[in-house]
Amino acid sequence: MAFLKNRISTIIVGLLIILAILGIVGSFTANPAGFIQGIAVIALIGLVIFFLFRKYSNSSPQKKEQRAFLKAAKRSKKRLQQKSGDSTAKSSALGTLTKLKKSSKLKKKSPAHLTVIDGKKSKKKNRASF
């Protein structure tokens with residue numbers, strides 16, 4: 001029975017392909033300019049959809065990494081601009097030695113986007129626990 005169902009579906013698909021070819025040939029012989037114009041419109045719409053899909057798809061990991069890098073670069077640039085702008089304003093406004101000593105004692109924070117991950121290279125693996 002499964003062989004019969006498979007054969008019927010093959011025959012139906014074959015008939016559809018033959019009808020499609022006959023329709024294309026008939027359309028081309030009746031109006032060649034219109035046929036070519038229709039094919040060109042379909043191709044143009046397909047290209048537009050393809051490029052829009054490629055532009056807005058996030059499937060590429062390289063694009064994600066590039067975006068993350070650009071975002072981090074913008075943040076660090078803003079941070080540097082704020083620090084340099086603040087330091088010139090502070091140095092002119094401070095004037096006293098006590099305020100200068102307090103500002104020099106402040107610890108610099110490490111950048112938020114950089115983290116240290118400690119590895120376990122020096123430790124030997126306990127094979128018995130596996």
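Begin by selecting Ile8, Ile11, Ile12, Leu15, Leu16, Ile18, Leu19 and Leu22: on the surface of this predicted model, these side chains make up a nonpolar patch whose accessible area comes to about 800 Å² together. To place one member of the patch in the fold, pick Ile18, which lies in helix α1, a helix spanning residues 2-30.

Next, display the whole chain as a cartoon. Four helices and zero strands appear, and the order of elements from the N terminus on is α-α-α-α. Switch to a surface representation: the chain exposes about 12,900 Å², of which carbon and sulfur atoms supply 66%. Colouring by relative accessibility gives a further view of the chain, since 1% of its 130 residues count as buried, where buried means under 20% relative accessible area.

Then move to helix α3, which covers residues 61-94. Select Lys71, Lys74, Arg75 and Lys78, which gather on the surface as a patch of positive charge. Of these residues, Lys71 can be traced to helix α3.

Finally, centre the view on Lys63, another residue of helix α3. Is Lys63 buried, partly exposed or exposed? Its relative accessibility is 34%, so Lys63 counts as partly exposed, a class that falls between the limits of 20% for buried and 50% for exposed. To see its surroundings, add Arg54 and Ser57 to the selection: Lys63 touches both residues, when residues up to four places away in sequence are not counted.

Terms used
Residues are numbered from 1 along each chain as its sequence is written. This is a predicted model: local features need pLDDT of at least 70, side-chain atom pairs count only at pLDDT 80 or more; totals for chains, interfaces and linings use all residues. Side-chain values use heavy atoms; hydrogens and water are left out. Patches are made of residues with over 30% relative accessible area and no salt bridge: like charges are joined within 9 Å, nonpolar side chains (Val, Leu, Ile, Met, Phe, Trp, Tyr) within 5 Å. Accessible areas come from the Shrake-Rupley method with a 1.4 Å probe; for residues, only the protein chains shown count as cover. A salt bridge is a side-chain nitrogen of Lys or Arg within 4 Å of a carboxyl oxygen of Asp or Glu. Lys and Arg count as positive and Asp and Glu as negative; His and the chain ends are not counted. The place of a charge is taken as NZ of Lys, CZ of Arg, CG of Asp or CD of Glu. Helices (H or I, at least four residues) and strands (E, at least two) are DSSP runs, numbered from the N terminus. Buried means under 20% relative accessible area, exposed over 50%, partly exposed in between (1.4 Å probe, protein chains only). Contact means heavy atoms within 4.5 Å.
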